[in-house]
Amino acid sequence: MKNPLPRVAAIHDLSGFGRCSLTVVIPILSTMGFEVCPVPTAVLSTHTAIEGFTLFDLTDELPGFIKHWEKLGLRFEGIYSGFLGSVAQVDIVSNFIDAFSTPETLVVVDPVMADHGKMYASMPPEMVSEMRKLSAKAKVVTPNITEAAFMLNRPVPESMSEEEVKDWLRALSDLGPTMPVITSLPLKSRESQSAVAAYNREDGRFWLTGRPEVPIQYHGTGDMFSSVLTGSLLQGDSLPIAIDRSSQFVANAIRVTFGYSGLGHNEILLERSLKNLLSPVLSENYDLLP
Ligand code: PXL
């Protein structure tokens with residue numbers, strides 16, 4: 001029997017404060033009508049951009065999750081991984097995908113490791129080649145431009161043409177995933193926008209969307225984007241609608257928060273926007289790249 005409520009295994013860390021990973025993934029996917037089964041990769045006091053964070057690595061616990069869940073015969077419509085607590089977790093996540101995915105399972109890998117040209121504080125450099133390896137197992141990957149550059153061993157670009165974006169997406173797809181998506185693109189044709197591009201190797205089409213930038217960066221927006229994207233694709237949306245819904249959701253949460261004075265980088269008001277995920281799809285702000 002199919003799961004009456006589609007089920008998603010969410011392989012991410014649990015950060016107590018700072019609005020990211022499981023504290024974002026669970027409410028978003030629950031609101032979108034999925035049962036989320038967390039596989040916690042690490043427990044942190046805050047995300048790693050806040051000085052003094054504590055990190056308890058759960059690498060040794062994860063093989064037990066696979067063994068127990070296999071015994072229970074659990075099945076997942078989606079497997080979605082993000083921030084990993086150690087390089088050794090890549091093989092474990094890879095084993096998890098082997099153990100639980102069928103041809104129908106949507107596997108999404110968000111290669112969380114870097115932003116703004118730099119690796120995150122807890123990330124060893126070897127994570128780059130390991131994330132490259134893990135991406136080969138995914139249908140969808142969602143790097144930001146820094147992560148895409150690191151995975152492709154290219155310099156982080158200051159600006160890009162649409163032709164270059166297509167070349168990057170093709171190169172990411174050559175690593176394995178059918179649907180690579182790149183966020184935070186510095187696109188010449190979309191200056192002062194937060195642009196997102198995607199490629200579907202199955203039909204050879206490239207898509208572009210974006211929203212006007214707001215002059216503040218909030219933490220966790222990448223996790224919000226990938227969570228909505230995962231939910232949207234699992235609900236049966238097309239790739240361009242899925243990137244558009246995700247971009248619109250994140251832009252709304254940013255604008256809702258930015259309207260208040262005095263809220264910091266770690267205080268995006270996710271809950272004020274969550275119910276937008278219940279609306280019919282109203283926006284179709286995407287372009288087909290020629
Ligand atoms: O939002 C990505 C993310 C997830 N988890 C942890 C992080 C970060 C980014 O800094 O530190 C622990």
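Helix H8 (residues 239-258) gives the most to the lining of the second largest pocket, with 4 residues. The model examined here is predicted. This second largest pocket holds about 210 Å³ of space. Its lining is made up of Val228, Arg245, Gln248, Phe249, Asn252, Asn276, Leu277, Ser279, Pro280, Val281 and Leu282. By class, 6 of these lining residues are nonpolar, 4 are polar and 1 is charged.

Helix H8 also carries Thr257. Thr257 is buried, with a relative accessible area of 0%. The side chain of Thr257 makes a polar contact with the backbone nitrogen of Leu269, at 2.9 Å. Beyond four places in sequence, Thr257 touches Tyr218, Leu263, Glu267, Ile268 and Leu269. Leu269 thus appears both as a contact of Thr257 and as the residue whose backbone nitrogen the Thr257 side chain reaches.

Helix H8 is met again in the packing of helix H1. Helix H1 spans residues 22-31. Its buried residues are Leu22, Val24, Val25, Pro27, Ile28 and Leu29. An α-helix has 3.6 residues a turn, so residues three or four places apart point the same way. The buried residues of H1 pack against three strands and three helices in the following way. The strands are E1 (7-17), E2 (35-46) and E4 (78-81). The helices are H7 (221-234), H8 and H9 (270-273). Just after H1, Gly33 takes a positive phi of about 95°.

Strand E2, one of the packing partners of H1, contains Thr41. Thr41 is buried, with a relative accessible area of 0%. The side chain of Thr41 reaches the backbone oxygen of Phe83 at 2.9 Å. Leaving out residues up to four places away in sequence, Thr41 touches Ile11, His12, Asp13, Asp57, Leu58, Thr59, Leu62, Phe83, Leu84, Gly85 and Gln89.

Val43 is also found in strand E2. Val43 counts as partly exposed, because its relative accessibility is 34%, between the 20% and 50% cut-offs. Outside its neighbours within four places in sequence, Val43 is in contact with Leu14, Thr54, Leu55, Phe56 and Leu58. Val43 and Thr59 are 16 residues apart in sequence. In space, their C-alpha atoms are 11 Å apart. Leu58 is listed among the contacts of Val43 and among those of Thr41.

The structure holds 1 cavity of 30 Å³ or more. The largest cavity has about 40 Å³ of space. Ile11, Val39, Leu62, Ile66, Ile92, Val93 and Phe96 line this cavity. Helix H2 (62-72) and helix H3 (89-100) are the elements that give two or more residues to the lining. H3 gives the most, with 3 residues. The lining divides into 7 nonpolar residues, no polar and no charged. Two of the lining residues, Ile11 and Leu62, are also touched by Thr41.

The surroundings of the ligand were examined next. The residues around the ligand are Asp13, Ser15, Cys20, Ser21, Leu44, His47, Thr48, Phe83, Val112, Tyr120 and Asp223. Polar side-chain atoms approach the ligand from several of these residues, including Asp13, Thr48 and Asp223. For Asp13, a polar side-chain atom lies 2.8 Å from a nitrogen atom of the ligand. For Thr48, a polar side-chain atom lies 2.7 Å from an oxygen atom of the ligand. For Asp223, an N or O atom in the side chain is 2.8 Å from an oxygen atom of the ligand. Asp13 and Phe83, both around the ligand, are also among the residues touched by Thr41.

Backbone geometry was considered last. Most residues other than glycine have a negative phi, and most peptide bonds are trans. His116 has a positive phi of about 50° although it is not a glycine. His116 sits in the loop between strand E6 (114-115) and strand E7 (118-119). His116 is exposed, with a relative accessible area of 58%. Ser192, likewise not a glycine, has a positive phi near 60°. Ser192 lies in the loop between strand E9 (179-185) and strand E10 (193-200). Ser192 is exposed, with a relative accessible area of 57%.

How values were computed. Residues numbered from 1 in each chain as written. Predicted model: local features only at pLDDT ≥ 70, side-chain atom pairs only at ≥ 80, totals over all residues. Heavy atoms only, no water. 1 Å grid on protein atoms, 1.4 Å probe; cavity = no way out; pocket = protein on both sides within 12 Å on 5 of 7 lines; lining within 4 Å. Points joined across faces, edges and corners; volume = space filled by probe spheres on them. Nonpolar A, V, L, I, M, F, W, Y, C, P; charged D, E, K, R; others polar. Buried < 20%, exposed > 50% of the residue type's maximum accessible area, 1.4 Å probe, protein only. Polar contact = N/O pair within 3.5 Å; in protein donor to acceptor, adjacent residues only side chain to side chain. Contact = heavy atoms within 4.5 Å. Near = heavy atom within 4 Å.
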